Amino acid sequence: MNNLPEVQQLDVDGEKNPQRRSEQQHPQKPIISYFVRKLLAAAGVISIILGIFAFVFNPEWLLAVSILFGLFSIFIALIDILLFGHSTYLRGSHLMSALLSTVMGLVLLFRQDVAKDFIGLVFGFWILFNATSNLAQTWVPELLIGWQRLVGLVIGAIGLFLGLFLVLFTGYSTHDMQVILGVYTDLLGIFFLLVSFFSRKNDLNQPA
């Protein structure tokens, strides 16, 4: 009778062992696929290039600049849709980012008259929408954890500040607007590269 508890413990362990073996043989795969990770890396590089271009573009190139940023916004929306379709946690953040990026992309592509007359306001909202998406996605454990999450929060907070500056104030020059746009677009590129390079290490079986 004294051995009965030990037998029962073995039985319980015996029931659990097959599940543990199954988890070891079939580990949970990261949500971000190899293809999406490559898209994120491409978005990071494109964003940094656009940021550098924003520092030097001539106001006469406004139509071309609006089209480039519009196409880039649609590209971001595509990535967010892919993340939304495969995500497990905080899926709403990906959906929100996709919707905001789509709206701004369509405005930049098809309403160049608005971009021309209210360039600071348009790019201010573009920065605000992307910064909001950064902050929302920073808390997704599938994307960023630890110090990577801290960097994402800093980038999002800076974006909110810069976007609000362009939206709420009117006394800045076109050059000031270009500098602000360039700084944030480069930071956005860093955010995408951060997710691309480090999300593969964020196994969902590990604590956030």
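Which helices do the buried residues of H7 pack against? They pack against helix H6 (119-138) and helix H8 (174-198). Here a contact means heavy atoms within 4.5 Å.

The model is predicted: local features need pLDDT of at least 70, side-chain atom pairs count only at pLDDT 80 or more, and totals for chains, interfaces and linings use all residues. Residues are numbered from 1 along each chain as its sequence is written, and side-chain values use heavy atoms, with hydrogens and water left out.

Start with the whole chain, which has eight helices and zero strands. Helices (H or I, at least four residues) and strands (E, at least two) are DSSP runs, numbered from the N terminus. Of the 208 residues, 41% count as buried, that is, under 20% relative accessible area with a 1.4 Å probe, protein chains only.

Next select residues 146-168, helix H7, whose 23 residues reach 33 Å from first C-alpha to last. Colour its buried residues: Gln148, Arg149, Gly152, Ile155, Gly156, Gly159, Leu162, Gly163 and Leu166.

Now add H8. The two helices pack at an angle of about 160°, with their axes 10 Å apart; axes are lines fitted to C-alpha atoms over the stretch in contact, and angles run from 0 to 180 degrees between N-to-C directions. That makes H7 roughly antiparallel to H8, a term for angles over 145 degrees.

Show side chains at this contact, including Trp147, Ile158 and Phe165 of H7 and Met177, Tyr184 and Phe198 of H8. By class, the contact has 16 nonpolar, three polar and no charged residues; Ala, Val, Leu, Ile, Met, Phe, Trp, Tyr, Cys and Pro count as nonpolar, Asp, Glu, Lys and Arg as charged, and the others, Gly among them, as polar.

Conventions: Expected span 1.5 Å × (residues − 1). Buried < 20%, exposed > 50% of the residue type's maximum accessible area, 1.4 Å probe, protein only. Parallel < 35°, antiparallel > 145°, perpendicular 65-115°, else oblique.
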